[in-house]
Amino acid sequence: MSEETPCIAVCIIDPKTSLCVGCGRTLPEIARWPRMDSFERRAVMAHLAERMAAAGLVPPATKTQRA
């Protein structure tokens with residue numbers, strides 16, 4: 001994850017949670033991302049790990065690290 005985007009190029013929306021399984025963002029957040037300022041982006045990114053954990057999603061990079 002870079003400082004500018006949490007995208008890891010695994011863009012699949014989980015149908016149960018409506019979150020991207022790669023980064024944890026919602027479709028509206030992904031669509032609005034280019035127009036967000038740095039403050040808004042950091043605010044969203046600060047909650048992604050917690051959001052994904054609460055939804056029971058594990059980012060693909062983490063899965064391969066455990067294997």
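# Briefing on a three-helix predicted model

In the protein chain, 47% of the contacts with a separation of 6 or more are made between residues that lie 24 or more positions apart. The coordinates come from a predicted model, whose protein chain has a mean pLDDT of 88, with 87% of its residues reaching 70 or more. The chain holds three helices and zero strands, and from the N terminus on its elements run α-α-α.

**Confidence**

- Among the elements of the protein chain, helix H1 (27-32) has the highest mean pLDDT, at 97, whereas helix H3, which covers residues 60-66, has the lowest, at 55.
- Where pLDDT is low, the predicted coordinates should not be read in detail.

**Burial and surface**

- Of the 67 residues that make up the protein chain, 27% count as buried.
- The accessible surface of the protein chain comes to about 4,600 Å², and 60% of that surface belongs to carbon and sulfur atoms.

**Salt bridges**

- A search of the whole structure finds three salt bridges, and the bullets below take them up in turn, together with the accessibility of their partners.
- Arg41 and Glu4 meet through their side chains in a salt bridge, with an N to O distance of 2.9 Å. Because Arg41 belongs to helix H2 (residues 38-55) and Glu4 to the segment before H1, this pair ties together parts of the chain that are 37 residues apart in sequence.
- Within that pair, Arg41 has a relative accessible area of 14% and is therefore buried, this being under the 20% cut-off, whereas Glu4, at 43% relative accessibility, counts as partly exposed.
- Glu29 forms a salt bridge with Arg51, and the closest N and O atoms of the two are 2.7 Å apart. This pair links distant parts of the chain, since Glu29 sits in helix H1 and Arg51 in helix H2, 22 residues apart.
- Here the acidic partner, Glu29, counts as buried at 11% relative accessibility, while Arg51 counts as partly exposed at 25%.
- Glu40 and Arg32 also meet through their side chains in a salt bridge, for which the N to O distance is 3.5 Å. Glu40 counts as partly exposed at 32% relative accessibility, and Arg32 likewise counts as partly exposed, at 35%.

**Aromatic rings**

- The structure holds zero aromatic pairs.
- A charge is nevertheless placed over a ring, in that Arg25 lies over the face of Trp33, at 4.7 Å from the ring centre.

**Backbone: positive phi values**

- Most residues other than glycine have a negative phi, and the two residues described next depart from that pattern.
- Ala9, which is found in the segment before helix H1, has a phi near 65 degrees, a positive value in a residue other than glycine. With a relative accessibility of 65%, Ala9 counts as exposed, because that value is over the 50% cut-off.
- Ser18, which also lies in the segment before H1, has a phi near 60 degrees, again a positive value in a residue other than glycine. Its relative accessible area of 43% makes Ser18 partly exposed, because the value falls between the 20% and 50% cut-offs.

**Residues apart in sequence, with their separations in space**

- Lys16 is found in the segment before H1 and is exposed, with a relative accessible area of 79%. The C-alpha atoms of Lys16 and Ala55 are separated by 8.9 Å, although the two residues are 39 residues apart along the chain.
- Ala53 is found in helix H2 and is exposed, with a relative accessible area of 57%. Between Ala53 and Gly24 the C-alpha to C-alpha distance is 9.4 Å, and the two are 29 residues apart in sequence.

Methods. Residues numbered from 1 in each chain as written. Predicted model: local features only at pLDDT ≥ 70, side-chain atom pairs only at ≥ 80, totals over all residues. Heavy atoms only, no water. Helix = DSSP H or I, 4+ residues; strand = E, 2+ residues; numbered from the N terminus. Buried < 20%, exposed > 50% of the residue type's maximum accessible area, 1.4 Å probe, protein only. Salt bridge = Lys/Arg side-chain N within 4 Å of Asp/Glu carboxyl O. Phe/Tyr/Trp six-rings, centres within 6.5 Å; stacked < 30°, edge-to-face > 60°. Lys NZ or Arg CZ within 6 Å of the ring centre and 35° of its normal. Contact = heavy atoms within 4.5 Å. Areas by Shrake-Rupley, 256 points an atom, 1.4 Å probe, with all protein chains shown as cover. pLDDT = per-residue confidence, 0-100.
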